[in-house]
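Me: Could you take me through one part of this protein in detail? I would like to know how a single short element is enclosed, and what its surroundings look like.

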Amino acid sequence: MAPRPGAASRFGATDEPRVRRRGLLAAEWIKLWSLRSTRWVLGLGILILIALAVQSSLDTYGNWPDFGPQERSRYDPMSEALSGAGVALLMIGAGTVGALTIVGECASGLIRTTFTAVPARHRVVLAKAVVVAAVMLAVGVVASFSTFVVSQAILSGRDIGISLGEPGVPAVLAANAALAPVAALVGMGVGALLRHTALSVVSVCGVLVILPGFFKPTVHQWANELFGYFPYYGWHSCLSQLHPQKAAALPSTAEAWTGFALWPLLSVALTLVVVRRRDV
């Protein structure tokens, strides 16, 4: 008797890749949360970001009567939710977690066991990237909304707070949340390339935060367009503002979001190349 249609996919080899894919994702999830540093960095990081938002909002609340008409007209309440210092902390923390997902496994030798069980290394890397991106996106969403809520609650005492439905607010919150997975995947690429804990953390800090700080608008338009693709620069100059300024030396919204997409994609591609060609 011939098997019914779909029976092979239910019991045979057709279903095996799906099981393996779920197993890979589950394994990467366990490995990520088995790192004690993951829980500490993410937990303390969110609390520190909220504390920075509270402090910045309270400073503005106290100094608001001293603001002149020009300062008030230019004031952006979203700047209190996530400041430059908060973004630097968020990107360094997320990048560090991303780097440790590779470096920690290489240092412990667990990577050999993983590749023995799953010889297709690209599948391991992709599963790791999916788990890291999903977890850090959740962290970014929590950080983005929590800092927004506490900052606007404080600013509302001066009638300068804004609501979630205000024009431009969802876009800024989305950019704030996207910083975490972008930085984490960049960190994963750096960790795969260097495979050294301290050097990877320092390099992540340099690439994501310090290097963009050296770039300022210049008379060369090609340089301005290149600088606009750095996530930190694009966020600071465009995506973090309710009403971004438009100038030839500043990145456009499209350029900033393109940079947000290109950095993690290129980092995952780098990780794939390095892991497949390098001995463990």
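What follows is a close look at helix α12 and its setting.

Reply: Happy to. This is a predicted model, so local features are taken only at pLDDT of at least 70 and side-chain atom pairs only at pLDDT 80 or more, while totals for chains, interfaces and linings use all residues. Residues are numbered from 1 along each chain as its sequence is written, and side-chain values use heavy atoms, without hydrogens or water.

First, the frame. The chain has 13 helices and zero strands (DSSP runs numbered from the N terminus; helices are H or I with at least four residues, strands E with at least two). Of its 280 residues, 42% count as buried, meaning under 20% relative accessible area, with exposed being over 50% and partly exposed in between (1.4 Å probe, protein chains only). Residues 24 or more positions apart account for 76% of the contacts (heavy atoms within 4.5 Å) with a separation of 6 or more.

Now to α12 itself. Eight of its nine residues are buried, so the helix is largely enclosed by the rest of the structure. The buried ones are P231, Y232, Y233, G234, W235, S237, C238 and L239. Of these, W235 deserves a closer look: beyond its neighbours within four places in sequence, it is in contact with L82, S83, V87, A175, N176, L179, S240 and F260.

W235 also belongs to the largest nonpolar core, a set of buried Ala, Val, Leu, Ile, Met, Phe, Trp, Tyr and Cys residues joined through side-chain atoms within 4.5 Å. Of the 42 residues in this core, W235, L179, M136 and M91 touch the most other members. Besides α12, the elements giving two or more residues to this core are α3, α6, α8 (121–155), α9 (169–194), α10 (197–213) and α13 (253–277). Helix α9 gives the most, with 12 residues. In soluble globular proteins, nonpolar side chains tend to be buried together.

Two of those core helices also reach the surface. W40, L44, L47, I48 and L89 make a nonpolar surface patch of about 490 Å². A patch here takes residues with over 30% relative accessible area and no salt bridge, joining nonpolar side chains (Val, Leu, Ile, Met, Phe, Trp, Tyr) within 5 Å and like charges within 9 Å; a salt bridge is a Lys or Arg side-chain nitrogen within 4 Å of an Asp or Glu carboxyl oxygen. The areas come from the Shrake-Rupley method with a 1.4 Å probe, where only the protein chains shown count as cover for residues. Four of the patch residues come from α3, which gives the most to it. L89 sits in helix α6 (residues 84–108) and is partly exposed, at 33% relative accessible area.

Helix α3 (residues 36–63) has an inward-facing member as well: S57 lies in it and counts as buried because its relative accessibility is 0%. Leaving aside neighbours within four places in sequence, S57 is in contact with E80, S151, I154 and L155.

Lastly, the loops on either side of α9. D159, in the loop between α8 and α9, has a positive phi of about 60 degrees although it is not a glycine, and counts as exposed at 72% relative accessibility. R195, in the loop between α9 and α10, also has a positive phi, near 55 degrees, and is partly exposed at 33%.
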